[in-house]
Each structure stands twice: as C-alpha cells, then as structure tokens.
Amino acid sequence: MSIDLEMEEILNLFFEESFEGLNTMESGLLTLKDGTDRETINTIFRAAHSIKGGAGTFGFMEISGFTHSVETLLDEMRNGTRAITPDALQVLLQSVDVIREMTQSAQAKQPIVMVGADALSGELTRILAQKVPAAASPDSTAANAAATPALAQNSEIHGEVQPPTRDHEPAIAAAAGALEGWRIVFTPDASLFKTCNDPMRIFDELANLGMLEVTANVDNVPSLTDLDPTQCFLSWTLSLHGAVEHARVAEVFDWVEASSKILYEPIYGGERCDVNDRPAVDVPQTAVQRSSGQADLQVVPQNAAKAGAESGSLRVATEKVDALINLVGELVITQSMLSRFAEKFEPEDIESLRRSLAQLTRNTRELQESVMQIRMLPIGFSFNRFPRLVHDLSRKLGKKVELKLSGESTELDKTVLEKIGDPMVHLVRNALDHGLESPAQRLAAGKSETGTLELNAFHEGGSIIIEVKDDGAGLNKERILAKARERGLVESDALLSDEHIFNLIFVAGFSTADTVSDVSGRGVGMDVVRRNINDLGGHVQIFSTQGKGSTIRIRLPLTLAILEGQVLRVGKEIYVASLVSIIETVQSTRDNLSCVAGRTELFKHRTDYLPIIRLHDLFGIEPDSRDIADGLLVVLEADGRRVAMLVDELLAQQQVVIKSLETNFKQVAGLAGATIHGDGTVALILDVPGLIRTFLERQSVQIGRAA
C-alpha cells in the first residue's frame, strides 16, 4: 500500500473519531451544569483535546486554533476555577456546531470558512475575560489543601496520567522558581514513518509554543548498506523555552505517544536548558484504548461532497463478526458434504443428499440473517440529535420541555435509520411548536409548566414502531375540519371519522397556524413526512385527545433489502405485496358490491365503502375471471386511504430480495421493484401507495371525461 493511501485511511479515521468526539461533547454539554460530576466535564475536555491534537497533526490549523479556545474554557471549568454558566454552555454548544462544519469542509476537501469561527472566537474571548469563580466544593477544597511541592511529580488517578494543574502551579513555582520551559527527549518507534507521522510537524507545533532548540541523536543510524529508509533510527533532544503548561506540550505528541518513549522535565528559574546536566523524569504514557467489543468496518463514501450527511462507515460489534465467520465455516463444511455427490452418486445416497440440501438451506438462511444484522444499528444514533434540537428550540420558543428517550437500543437497518432522520426532526419540531403549550398556558390548564416530549422505539412483529408523544394541547378537530372545508378539501356536510380528520394535516399546504414563523406555519412538511415514510415502505398514524396531547406512530420495515411479502397471482402473472400494507383478505359476494356514476366500483367493508382496484385492468393482463365474486379482494392501506384489490389467488407468504426496476429497466408507476423466485421466474413487487395514487388519477380522468 502506498504512503498516500495509508495517509488517506488514517485521515478518514481522524474524521470519523472527530465526529464521534463532537457528538460526545454535545451530549455532555446538554447535561452539564454547576455541580456536575468531574467525569462528565473531563470527558468533554478529552474529546476537544483529541480533536485539536488530530487537526493540528494533519495541518488543519483553522480547526486546531479554534478548538484551542474552546479547550481553554473547558479546562478552566474542569479545574474548578470557573463556574459553569448558561451563557458559557450556549457558546460551547455553538462552538461544537462550528467545529463540525469546519471538519465536514475539511473532509469534503473544501475551503474551511472561518466566518462562524471568527464570530464565536470573540464570544469565547469575552467569556474568558470574565472571571466567574466556581463555588467551592468539598472535593476541590480538599485537593487545594493537599497542594505541596511534591505535586510537581505526576500522579496517576484512575489509570490516567494527571499533569500538575493550574491550582498546583503556585505551590510548585514557590518551591522551584518560575517555570521557564521543558527538556524533552523524544525517542520514536522505528515504525514512525510507516504510520505517516512526520517529526518535523511535531517540531513546528512545539515552535509555536516558544523558542525551540533541536538536537538530533544519530548514534543508532546504521551504515548506508544496512539503512532501511522506511524505518526511523533517530531520536531528538528538545529544549523548549517558555512558560508553557505540561498539557499543551504533551498534546503535541498525542498521535505518537502510544508507540514512543517521551521524557519530560520542567525547567524552573535559574536552570540552564541542557538536558544532559540532569536525568529526565519519565512521564508514563497512557495508550489510547478501544472497546474490545467493537470492530470498525471501513466503507469508502460514494460521494465525498455529501460528507457528514450520511455515515460512510459501520461500527459493528465483534460478536456479530464472529457469528458471521462461524456461519461461513458451516457453509464450507456443507459445501464439502455436497461436493462428494458430484464425484460419485448412488441411489442409496438420495437421503444423504436431502439432508445435505436441508443443511445448506439452513446455513444460507442463517447467513442471510447474520449479514443483515451487520447493517443493523441502534436507533439511538438517530435519537442522539434530539436533546440538542429540543434544547435550542424550546429556548427559542420560550417553552419548558423535558425530553424522554426510550428504546434507544432498538435496532434497524442503517439505510432506514439515515432516511428516517429528517421526518423525525420535523415531527419533533411540530410537537414543540404546535403541540406543547407555553408555561403560562399550561399552568392555566392545570398542568405542570414543563411539558413532556417522549420518543420511543420498539419492535412489533417484523416491523419497528417509533412514537413521538407529547402531553400538549392535542389536535383541535373542529379547527382542522373548518380549515379543510374552507379550502374545499371536504364537503360541508361530510361526516368524517377522527382518523380521517387527523389525516387532513398530511395534505400538502395544510396548516391551522395563525402566524408563519421560521419554525412552522406554512403547511410544508407533514405531507413530506408521510411521503418519506411511505417511500421507506412504512406508514404513519395519529392519535390525539384534545387538552391531553398527541401521539404520532410510525411503522417501518426493519430493512429495505428484504421484504416480508404476500405472493399474489393474477392470470399468469405473479406479484408480491408488502404484508405491512395488507389489512385482510375477503371473499366478496354481489350483495356487497355497488357502482357510483356507472364507473367506480365499491366494496362494502363493514361500515366503509372501498374502491376496487382491478389489477388486471391496471396492468393490462388477462385474469382467470372478471367476475369479482370469483376472485379475492385484498384490503390495502396507504397514505390514510384504504382500497380493495382484486386478485385471482393468494399464494405463499415469504421473504423476498428487492431488486430495483429503475436501475435495471425504468421506473414503472405502481411497482416498487422485482424479485426472483427459486424456479427462476420474476415476480413484480407492488408499490401500494403508488398503486393507489395511479388508480385514483385514472378514476379522476375517467369521471372528468364522462362529465
């Protein structure tokens, strides 16, 4: 592998870990307040520290420089010298957004725009200039009381090397004089160059901290005939002049410390900067640890311009990879069992062949399920964005909101997870703006001034259910119905069920808001939400009680690659319909049939009249019989509408692999794709929402012509 490719892989790893670090910072900042446990702010600080060090190593100085100011503010909070204020937290949250945007630009190899960073740098400078001392805590009081000259030596706390903090520096300086610099002996591992680390970059970073003197040790360099140019045989003695904190010096070596020996010695007033005059103090290095339960599978993004929009990698638990390897082993054994029949087959071997084929079927099914599990991710990855969204939007709207998350470990396919993000954002924004009342309104209604917004996910059958629930005002049926009649969406004397009234909010452009804001009110969004969910093969339901709140329930398939389908036959053609869209199947009698305007056929289904879709007419095929009483009616639901589809016969229910028609042929209205059966025949997969839309459009045209 070339050096360029190795560097590209390391760079991709840096971006991935930076985005993870930013998510860690954001979630930590949202829970941070004065009196928060020390570990929370340490976690936030370490994430910022790693991003800054990595950005500097790869030459992203804009990211490194801005993150340094953020790190300084976090360091003061961490050391207990600054109180954690709402003003500071808001600026830190905005800083996370700016760092994320800068990192996305760097990942996409685009120029890093500094407008946002420059504006926030001024805010950070303003906050750092304000001295807001933290309230003394028992822990910090005890720590300060213990500060002695002995603290000049590093101590290990919870397995991490803790350098002298600012609280201890006065005691150290009093004992040894003012800090004037550092002596550093840097002995890298021989593989330094192979990991694409350049010592000159390290020296340049140190030179930015103060005057630097560098002496190379060439004692270990072999003769020219034995020299391997990919190996590092040098070590360096560095003398840094300047009152620089140990943490700022050590972070320069972040990317090489795990595989190098680095000796630090502080230089205090009156000492000469000669490392050979006295022995150096060996500061133990802390290796970067990864969870042993995780393995990274890198996937090259297909479009670099979309960096950050969708993740280009999967983090997979090692037990899933181990299960996959075990199944491949089982498959190899089964293949070996079957291969012997190719060499010699006797009639008495027929039973052994059946057993081997049955074993192959089991192995193939288990392998398919195991591979699908590789792509399954916890929905918590999508839920993680909402604490920040709720925090910012509730602050803007002047509302008090408590967000409750449950079911974050529920898994679904990565593609579904990425595509459900935008609809979920709109539903949450809608609940905050329209659903939950202001504190004054809630108190007047006898409620707590703090509203509750719940996000819940769980498995039900072969689907995943996602619920967005609030305890707000609920939907006003009378107001929705009046608005719909005003726009001519329903007849003035029409009697609609609650379900039909609630579904009116999904009509494009429909809104009951009195004013238009930058949050909502234009009637744009809910129709897009339902369309996006339908495109994923799911559907959405609304339950609401006025004065008590609303629940929006989304039902989605676990994956888009495999479909749980019902196989149908019309004439000689085979079709597959998603089980999620099928309500039931009935045998009709002529007494349940009627006709409107001489054209539209209706089937009386309990208290409703459902339009009948003749699939053979829609696709131009010859059925077994055109008499509805001779066939079966499959009741389908999509987009809040129900229809009855006429078919000749129901066949098996089975899982099918979806193949795109648009990729291999062209887009066909009413069809979502195709699949191949075991006998090699092709079955078309019905797009139920598209099928209903196509049918209704044709009916409208026919009625218009008749009129």
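Over which residues near 271–310 does the question of confidence arise, and how many contacts beyond four places in sequence does the model have there? I looked up residues 271–310: pLDDT (the predictor's confidence in each residue, from 0 to 100) stays under 50, and the model has 78 contacts (heavy atoms within 4.5 Å) beyond four places in sequence.

I note that this is a predicted model: local features need pLDDT of at least 70, side-chain atom pairs count only at pLDDT 80 or more, and totals for chains, interfaces and linings use all residues. Residues are numbered from 1 along each chain as its sequence is written, and side-chain values use heavy atoms, with hydrogens and water left out.

I then checked residues 136–176. There, too, pLDDT stays under 50, with 46 contacts beyond four places in sequence. Where pLDDT is low, the predicted coordinates should not be read in detail. For the protein I found an average pLDDT of 78, with 81% of the residues at 70 or above.

Next, I looked at helix 4 (residues 86–107) and helix 5 (residues 115–129); helices are DSSP runs of H or I, at least four residues, numbered from the N terminus. Their axes come within 10 Å and cross at roughly 150°. Helix 4 and helix 5 are therefore roughly antiparallel (over 145 degrees). Among the residues that meet are V91 and M102 in helix 4, and L120 and I127 in helix 5. I count the contact's residues as 8 nonpolar, 3 polar and 3 charged.

Last, I searched for aromatic pairs (ring centres within 6.5 Å) and found 10 in the whole structure.

Terms used
Axes fitted to C-alpha atoms, helices over the stretch in contact; angles between N-to-C directions. Helix = DSSP H or I, 4+ residues; strand = E, 2+ residues; numbered from the N terminus. Parallel < 35°, antiparallel > 145°, perpendicular 65-115°, else oblique. Nonpolar A, V, L, I, M, F, W, Y, C, P; charged D, E, K, R; others polar. Phe/Tyr/Trp six-rings, centres within 6.5 Å; stacked < 30°, edge-to-face > 60°.
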